[in-house]
Amino acid sequence: MSRLLDEIALAVARLAEAGVESPRADAELIAASVHNVKRGELHTVADADFDARFWADIARREAREPLQHITGRAAFRYLDLEVGPGVFVPRPETEVMTGWAIERLREMDVDAPVVVDLGTGSGAIALAIAQEVPRSRVHAVEADPLARAWAERNVSGYVETLPYTAGRVMVHAGDFCTTAALTELDGTVDLVVSNPPYIPVGASVPPEVGEYDPPAALWSGTDGLDAIRAVERTARRLLRSGGLVGIEHGYQQGAAVYWVFAEELGWRDTRNNKDLANRDRFVTATWPGPEGL
Ligand SMILES: C[S@@+](CC[C@H](N)C(=O)[O-])C[C@H]1O[C@@H](n2cnc3c(N)ncnc32)[C@H](O)[C@@H]1O
């Protein structure tokens, strides 16, 4: 065994003791980040090159700082995003909803689909759609200036590696609860997607979430549905006839969010959709337009 692999084994035990959910993966990813190698190359690090910053970063993770804040990066579909204080760390469940949006957009008989991402955070959903749907134009709305700065940084950072996305992701300062958000697009949007805040105020969350994700990304009224109701109203204003909406929610909110759409006049094909753990995770619906009402 190499020195680094020995140190990783010790770190795994410490992280497990601290209640970290995936101690081996986290210890290896921290080691890879510190030593600037891929996770599968850890055995190639020479004993003499062991970097003591590994233990400083393990101590941060032991104190339940999110892995992505320590490495400064978050993987999302085919993207490697910059994240840190002030922005929500994108989650794997959101990759599934983003995949739904990408598939629907590719099926649409529209040359340059117009997409709106409400509450873009790091820009994860918006950038993934721009990367994976040729010619799409994605408007990313974010109210929080700190989060918006991360989105702008990720969007401009990708212009070099994904030059074909240049000019196709527009980050807007805006509040999706108001009727002023993107009014110039009213009735023209092909697909609205959103992962809004949806945790009921006062619910208990792990330290990685409560102490590091920004409050504006988490809490949303006593039933957790305030932002979801606002996204429903904004989506019906923005969508063209036949346009689609996809909205993420907590795994216990499937029935409630279904009814936010089913109770409002107009929406068709309202559906619950599952995440990778087979739990209700996002609701999708079609807007038939005023003539369909
Ligand atoms: C759960 S995070 C999701 C971020 C990103 N879309 C993702 O999936 O990783 C929700 C985001 O919505 C933003 N937000 C909350 N309320 C908003 C509002 N009324 N208008 C615009 N953005 C809002 C938050 O600041 C936060 O960045």
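Two strands are counted as paired when DSSP finds at least two bridges between them, and that is the sense in which pairing is used on this tour of a predicted model.

**Stop 1: strand E6 and its two partners**

Select residues 189-194, which make up strand E6, a mostly covered element in which six of its six residues are buried. Then add strand E3, residues 114-118, which runs parallel to E6 and is joined to it by four bridges. Within this pairing, aspartate 117 of the model stands opposite valine 193 in E6. Next bring in strand E7, residues 239-248, which also runs parallel to E6 and is joined to it by five bridges. If you keep valine 193 highlighted, you will find that its bridge partner in E7 is glycine 246.

**Stop 2: from E3 to E4**

Return to E3 and show strand E4, since five bridges join these two parallel strands. A pair to pick out here is leucine 118 with its bridge partner in E4, valine 141. E4 is mostly covered, with five of its six residues buried.

**Stop 3: the ligand**

Now select the ligand and the 19 residues that surround it, of which Gly119, Glu142, Asp175, Phe176 and Asn195 are the closest. Sorted by class, this shell comprises 10 nonpolar, six polar and three charged residues. For the polar contacts, start at phenylalanine 176, where a backbone N or O atom lies 2.9 Å from a nitrogen atom of the ligand. At threonine 120, a polar backbone atom is 3.4 Å from a nitrogen atom of the ligand. At asparagine 195 the contact comes from the side chain, with a polar atom 2.9 Å from an oxygen atom of the ligand. Taken alone, the ligand exposes 590 Å², and the protein buries 94% of that.

**Stop 4: the largest nonpolar core**

In soluble globular proteins, nonpolar side chains tend to be buried together. In this model the largest nonpolar core has 28 residues, and those with the most contacts inside it are Leu79, Leu81, Leu105, Leu127, Ile129, Leu191 and Val193. Colour the elements that each supply at least two residues of this core, namely strand E2 (79-82), helix H5 (92-107), helix H6 (124-132), strand E4 (137-142), helix H7 (145-161) and E6. Among these, H6 gives the most, with seven residues.

**Stop 5: the E1–E2 hairpin**

Zoom in on E2 and display its side chains, which alternate: Leu79 and Leu81 point to one face and are buried, while Asp80 and Glu82 point to the other and are not. Add strand E1, residues 73-76, which pairs with E2 in the antiparallel sense over four bridges. In this pairing arginine 73 stands opposite glutamate 82 in E2. E1 and E2 form a hairpin with two residues between them, and arginine 77 in the turn has a positive phi of about 50 degrees.

**Stop 6: two partly exposed residues**

Finally, select alanine 149, which is found in helix H7. Is alanine 149 buried, exposed or partly exposed? Its relative accessibility is 40%, so alanine 149 counts as partly exposed, because that class lies between the 20% and 50% cut-offs. Its C-alpha atom is separated by 9.2 Å from that of glycine 86, although the two are 63 residues apart along the chain. Threonine 183, in the loop between strand E5 (169-173) and E6, likewise counts as partly exposed because its relative accessibility is 39%. The C-alpha atoms of threonine 183 and aspartate 109, which are 74 residues apart along the chain, are separated by 24 Å.

Technical notes: Residues are numbered from 1 along each chain as its sequence is written. This is a predicted model: local features need pLDDT of at least 70, side-chain atom pairs count only at pLDDT 80 or more; totals for chains, interfaces and linings use all residues. Side-chain values use heavy atoms; hydrogens and water are left out. Buried means under 20% relative accessible area, exposed over 50%, partly exposed in between (1.4 Å probe, protein chains only). A residue is near a molecule or strand if one of its heavy atoms lies within 4 Å of it. A polar contact is a pair of N or O atoms within 3.5 Å; within protein, one must be able to donate a hydrogen and the other to accept it, and residues adjacent in sequence count only if both atoms are side-chain atoms. Accessible areas come from the Shrake-Rupley method with a 1.4 Å probe; for residues, only the protein chains shown count as cover. Ala, Val, Leu, Ile, Met, Phe, Trp, Tyr, Cys and Pro count as nonpolar, Asp, Glu, Lys and Arg as charged, and the others, Gly among them, as polar. A nonpolar core is a set of buried Ala, Val, Leu, Ile, Met, Phe, Trp, Tyr and Cys residues joined through side-chain atoms within 4.5 Å.
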